[in-house]
There are 2 protein chains.
Amino acid sequence: VHGVLLTGGSAFGLAAADGVMTWLEQHGRGWPVGGGQVVPIVPAAVLFDLGRGGDARARPDAALGREAAAAASASAVPQGCVGAGTGAVAGGLKGGIGSGSTVLSSGAVVGALVAVNSAGSVLDPRTGELWGERHLLDHERLDVRPDPAALRRHLDRIAAMRVALQAARATTLVVLATDLTLDKAQCTALAGQAHDGMARAISPVHTMVDGDTAFALSTRRRPVPDRWAMHELLAAAADVVTRAVVHAVLRAASTTTDAGSWPSYRDELLGGAQA
Amino acid sequence: VHGVLLTGGSAFGLAAADGVMTWLEQHGRGWPVGGGQVVPIVPAAVLFDLGRGGDARARPDAALGREAAAAASASAVPQGCVGAGTGAVAGGLKGGIGSGSTVLSSGAVVGALVAVNSAGSVLDPRTGELWGERHLLDHERLDVRPDPAALRRHLDRIAAMRVALQAARATTLVVLATDLTLDKAQCTALAGQAHDGMARAISPVHTMVDGDTAFALSTRRRPVPDRWAMHELLAAAADVVTRAVVHAVLRAASTTTDAGSWPSYRDELLGGAQA
């Protein structure tokens, strides 16, 4: 795998994969098939957000894909309403891009990038607390509780949206990566943990209107994990996905377009409190 | 499907399926294949618990399977350390059998039976609260909080068991059933929700030492669900599985055998408080 593309624009947005392919080919990155030719392998997944970014005809195209590939870096990932998260929503609140990572006891790393665009809710209707909040690291934890009156208003608003949510077109996208050397079966197990991580942060999830998709990658810079290291990796992977979903929701900004209004969790439940 | 068998006894316990088959055949229950002959369809799953019930050579056999089939009824399911839950453990605490159900807006029902035998923990190490507790119905909620000192002792004990947990042989078994008429694809989606429900009650789950298995059944007494009814079914299914796991843990009783000691959640974290 030479690149992974997460994008908005509904099925139209997959055009951006062509741009990523082109950039990779131009830079000689890909599977060598002889004669100096390479075939870049670029898994791609798209989420429905037409109009939520402001213009239903604004869709990522090949040029944007090329730009994204050229801009790829090892620096910290921008989170919130960026990239595939621009028009993403999460059960009536604004969704977006989130990331999370952790260092395992061996020094190996597992990290997650998510684009949260779910039909299900990210918060416990009883308390307003984010479902995934208890999985945050100590220093990430919120020091503000949802206001009960705000929670009631939120639940009333969501109940009134029931018809819209029934027709929801949702998909949460996850990329999990580790520097341990995994084979395909191990990557499949890792991708399974992405779904467990989603389940702990979003409810319901994996519904008839969700296309929830996870990719799992191994950069192979560290050895093959032994049985215990693999166990530790899987356990940690689900947790970083849960945290990444929470990060996405906490970094999202309230958005209004011609297609509707999606308040952020902070604005709707926490009175706009910032981290 | 004419019966589902959940049993302990590790792979030996699958012998009990033969007894269920025999009972069903004797009662003419099965897939008719002509000439008055039927073939009972009995999916079966087993969990590892050798010795935890008291005697490593005590394993469910065909006679016990026949007895179980004969005893099957529509009355309330016994929960806790019974049946396949006899020797089940949950991350160093006693596991067992739990059930849960809910009525959907159409009047249809979805119910879950689980045998909790997990490598992962059922409680949040930060608070001692059961991971799945917030999914309980209002009248099921506990009015007692884990004692912080008891939580510390529990976490110390679990940390000391790390080597044993590494070698854990675990499997949580789930049966989900609804009276809606589902096809196989819909049953598969329903079984998927069982895994989401497990993920919300057990962490980590689906690890290299878990064989987590879910069966989904449709009794076909009610119509085929429309799109919204299917959505509602899936969302509710995960929740009843989560609740069933919590019920199993709360109904379990502390157990000591030659193979070891497994305190119940109530005894270890709640000072023995009863519901």
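Visitor: Let's start with Ser10(B): in which loop does Ser10(B) lie?
Guide: Keep in mind that we're looking at a predicted model. Ser10(B) has a positive phi of about 50 degrees although it is not a glycine. To place this serine, look at chain B between β1 (5-7) and α1 (15-26). So the answer is the loop between β1 and α1 of chain B.

Visitor: Is Ser10(B) buried or exposed?
Guide: The cut-off for buried is under 20% relative accessible area. Ser10(B) comes in at 18%, so Ser10(B) counts as buried.

Visitor: And Arg220(A), is that one buried or exposed?
Guide: Arg220(A) has a positive phi too, near 60 degrees, and is not a glycine. You'll find Arg220(A) in the loop between β10 and α6 of chain A. Exposed means over 50% relative accessible area. With 55% relative accessibility, Arg220(A) is therefore exposed.

Visitor: Which residue does Ser203(A) join through a cis peptide bond?
Guide: Check omega, which is near -5 degrees for this bond. The partner lies in the loop between α5 and β10 (213-218) of chain A. Ser203(A) is joined in cis to Pro204(A).

Visitor: What is omega for the cis bond between Ser203(B) and Pro204(B)?
Guide: Pro204(B) sits in the loop between α5 (184-201) and β10 (213-218) of chain B. The bond that joins Ser203(B) to Pro204(B) is cis, with omega at about -5 degrees.

Visitor: Now the two chains together: what kind of axis relates the copies?
Guide: A turn of 180 degrees and a shift of 0.0 Å along the axis lay chain A on chain B, with an RMSD of 0.0 Å. The copies are thus related as by a two-fold rotation axis.

Visitor: Which residue of chain A has the C-alpha nearest the axis?
Guide: The turn that lays chain A on chain B is 180 degrees. In chain A, the C-alpha nearest that axis is 2.7 Å from it, and it belongs to Arg200(A).

Visitor: How much area do chain A and chain B bury between them?
Guide: The contact takes 35 residues from chain A and 35 residues from chain B. Of the area buried, 49% is on carbon and sulfur atoms. In chain A, Arg126(A), Arg134(A) and Trp228(A) lose the most area to chain B, together 24% of what that side buries. For the two chains, the buried area is about 3000 Å².

Visitor: What percentage of the interface residues of chain A are also interface residues in chain B?
Guide: The copies meet through the same surface, because the share of chain A's interface residues that are also interface residues in chain B is 100%.

Visitor: How many salt bridges are there between chain A and chain B?
Guide: One pair that crosses between the chains is Asp138(A) with Arg126(B), whose closest N and O atoms are 2.3 Å apart. Also across the interface are 18 residue pairs in polar contact. For salt bridges between chain A and chain B, the count is 2.

Visitor: Which residues of chain A does His231(B) touch?
Guide: His231(B) is found in helix α6 (residues 227-251) of chain B. At 13% relative accessibility, His231(B) counts as buried. Leaving out residues up to four places away in sequence, His231(B) touches Pro204(A), Thr207(A) and Val209(A).

Visitor: How many residues apart are Arg243(B) and Glu140(B)?
Guide: These two form a salt bridge, with the closest N and O atoms 3.0 Å apart. Both Arg243(B) and Glu140(B) are buried. Arg243(B) is in helix α6 of chain B, while Glu140(B) is in the loop between β8 (109-116) and α3 (148-160) of chain B, and the pair is 103 residues apart.

Visitor: Which residue meets Glu268(B) in a salt bridge?
Guide: Glu268(B) lies in helix α7 (residues 265-269) of chain B and the partner in helix α3, so the pair ties together parts that are 111 residues apart in sequence. Glu268(B) is buried at 18% relative accessibility, and the partner is partly exposed with 25%. At 2.9 Å, N to O, the partner is Arg157(B).

Definitions and conventions: Residues numbered from 1 in each chain as written. Chains lettered and ligands numbered in written order. Predicted model: local features only at pLDDT ≥ 70, side-chain atom pairs only at ≥ 80, totals over all residues. Heavy atoms only, no water. Contact = heavy atoms within 4.5 Å. Buried area = accessible area lost by both parts, 1.4 Å probe. Salt bridge = Lys/Arg side-chain N within 4 Å of Asp/Glu carboxyl O. Polar contact = N/O pair within 3.5 Å; in protein donor to acceptor, adjacent residues only side chain to side chain. Helix = DSSP H or I, 4+ residues; strand = E, 2+ residues; numbered from the N terminus. Buried < 20%, exposed > 50% of the residue type's maximum accessible area, 1.4 Å probe, protein only. Least-squares fit on C-alpha atoms with pLDDT ≥ 70 in both.
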